[in-house]
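Visitor: I would like to learn how to read the side-chain contacts of a protein model. Could we go through some examples together?

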Amino acid sequence: MSKRRRLVVANWKMYGRLTSGCVLARDVADLAEAARPLNFDLVICPPATLTWAVGEAILGTPVALGGQDCHWVTHGAFTGDISAAMFVDLGCKYIILGHSERRHGHGESSEEICKKVEAAQLAGLTVILCVGETAAELESGSTADIIEKQLRESLPQNVKTANLVIAYEPVWAIGTGQQPAPEDVVTVHKLIRKILGEIGETVRVLYGGSVSPANAASILSETEVDGVLVGSASLNADGFWAIAQNCQ
Ligand code: PEP
């Protein structure tokens with residue numbers, strides 16, 4: 001078992017409508033309630049449109065609320081964007097930043113992500129910062145360099161350790177059903193801790209990428225893995241709970 005309190009995060013991405021999202025959130029919350037006290041932290045990050053409703057559905061339960069991305073300024077003329085403080089208003093405690101679907105899908109740079117990390121922490125959110133190599137980078141043997149570069153460029157000088165989680169998410173493993181071998185995940189997690197230096201022992205490092213009820217036990221049997229970030233398998237309450245159970 002990991003030395004740090006484990007964390008299981010649901011990233012619903014752009015899935016869920018008002019009714020289905022509330023039912024899913026309530027089902028997860030009911031399972032978590034029945035298992036109280038939880039030995040790990042559990043977070044749901046719904047699409048922004050459902051943040052308030054999901055927050056209401058999980059209120060008073062062991063499940064915390066998170067956002068999927070935020071802007072780095074508090075307010076302004078930024079059509080379609082949401083600030084960290086706005087997520088705090090909605091009851092969020094966590095925010096996912098630097099997800100590959102933002103880095104690669106929206107061309108976000110590590111410099112921009114760094115500003116987001118700083119702003120989100122300033123607003124009081126715990127940042128779940130995603131880093132990970134593409135298939136081409138894996139094949140060219142540059143995983144370690146990419147992870148180091150993304151980490152160094154995405155973390156502000158004044159980063160608050162207590163409000164920081166790193167998620168190692170190989171881009172080629174997200175939504176593909178493919179996964180690195182657990183020992184390769186451990187190698188990258190150790191590298192992340194080394195790059196983090198002094199704070200590396202306390203910051204939780206998660207794995208994300210095609211985590212499912214079938215493979216979660218093997219990933220979570222590694223003490224280096226402080227939890228998981230789950231995409232598609234988090235859209236089913238029983239499946240998501242089966243994954244989380246490996247932390248109980
Ligand atoms: C993710 O969205 O962060 C993710 C890991 O997705 P999936 O579990 O679907 O691969």
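Guide: What follows is a walk through salt bridges, aromatic pairs, a helix and the surroundings of a ligand, all in a predicted model.

Visitor: Let us begin with charged side chains; how many salt bridges does the structure hold?

Guide: The structure holds 16 salt bridges, a pair being counted when a side-chain nitrogen of Lys or Arg lies within 4 Å of a carboxyl oxygen of Asp or Glu. One of them joins Asp 41 to Arg 5, with the closest N and O atoms 2.7 Å apart. This pair links distant parts of the chain, since Asp 41 belongs to strand S2 (residues 40–45) and Arg 5 to the segment before strand S1 (6–11), 36 residues apart. Arg 5 counts as partly exposed, because its relative accessibility is 41%.

Visitor: What else is Asp 41 in contact with, leaving aside its neighbours within four places in sequence?

Guide: Besides Arg 5, the contacts of Asp 41 are Arg 6, Leu 7, Val 8, Tyr 94 and Arg 204. With Arg 204 there is a polar contact between the two side chains, at 2.8 Å. As a reminder that sequence separation and spatial separation have to be read apart, the C-alpha atoms of Asp 41 and Val 54 are separated by 17 Å, while the two residues are 13 residues apart along the chain.

Visitor: Which elements does the salt bridge between Arg 102 and Asp 69 link?

Guide: The side chains of Arg 102 and Asp 69 meet at 3.4 Å, N to O. Arg 102 sits in helix H4 (residues 100–103), and Asp 69 in the loop between strand S3 (63–67) and helix H3 (84–89), 33 residues apart. The two partners fall into separate classes of accessibility: Arg 102 is partly exposed, with a relative accessible area of 24%, whereas Asp 69 is buried, at 15%.

Visitor: And how should I read a salt bridge within a helix, such as the one between Arg 152 and Glu 148?

Guide: The general idea is that an α-helix has 3.6 residues a turn, so residues three or four places apart point the same way. Here Arg 152 and Glu 148 are four residues apart in helix H7 (residues 143–154), and therefore separated by about one helical turn. Their closest N and O atoms are 2.7 Å apart. Arg 152 is exposed, with a relative accessible area of 52%, and Glu 148 is partly exposed, at 29% relative accessibility. Salt bridges can also be linked in a network, as they are for Lys 3, Arg 4, Arg 193, Glu 201, Glu 224 and Asp 226.

Visitor: Let us turn to aromatic rings; how many aromatic pairs are there?

Guide: A pair of aromatic rings is described by the distance of the centres and the angle of the planes. The count comes to two aromatic pairs. Phe 40 and Trp 241 form a tilted pair, 6.2 Å centre to centre with 40° between the planes, and they lie 201 residues apart, Phe 40 in strand S2 and Trp 241 in helix H10 (residues 237–244). Phe 40 is buried, at 1% relative accessibility, and Trp 241 is buried too, with a relative accessible area of 10%. The rings of Tyr 168 and Tyr 207 have their planes at 65° and their centres 6.3 Å apart, so this pair is edge-to-face. Tyr 168 lies in strand S6 (residues 164–168) and Tyr 207 in strand S7 (residues 204–208), 39 residues apart, and both residues are buried.

Visitor: Is helix H2 buried or exposed, taken as an element?

Guide: Six of the eight residues of helix H2 (residues 51–58) are buried, so this helix is largely enclosed by the rest of the structure. The buried residues are Thr 51, Ala 53, Val 54, Gly 55, Ala 57 and Ile 58, and what covers them includes helix H1 (18–34), S2, S3 and H3. Just after H2, Gly 60 takes a positive phi of about 80°.

Visitor: Finally, which residues come nearest to the ligand?

Guide: Of the 14 residues around the ligand, the nearest are Lys 13, Glu 169, Gly 175, Ser 210 and Gly 231. An oxygen atom of the ligand lies 2.7 Å from an N or O atom in the side chain of Glu 169, whereas for Gly 175 a backbone N or O atom is 2.7 Å from a ligand oxygen. A polar backbone atom of Gly 231 is 2.8 Å from an oxygen atom of the ligand. The ligand has 290 Å² of accessible area on its own, and the protein covers 99% of that area.

Key. Residues are numbered from 1 along each chain as its sequence is written. This is a predicted model: local features need pLDDT of at least 70, side-chain atom pairs count only at pLDDT 80 or more; totals for chains, interfaces and linings use all residues. Side-chain values use heavy atoms; hydrogens and water are left out. Helices (H or I, at least four residues) and strands (E, at least two) are DSSP runs, numbered from the N terminus. Buried means under 20% relative accessible area, exposed over 50%, partly exposed in between (1.4 Å probe, protein chains only). Rings of Phe, Tyr and Trp (its six-membered ring) pair if their centres lie within 6.5 Å; planes under 30 degrees apart count as stacked, over 60 as edge-to-face and the rest as tilted. Contact means heavy atoms within 4.5 Å. A residue is near a molecule or strand if one of its heavy atoms lies within 4 Å of it. A polar contact is a pair of N or O atoms within 3.5 Å; within protein, one must be able to donate a hydrogen and the other to accept it, and residues adjacent in sequence count only if both atoms are side-chain atoms. Accessible areas come from the Shrake-Rupley method with a 1.4 Å probe; for residues, only the protein chains shown count as cover.
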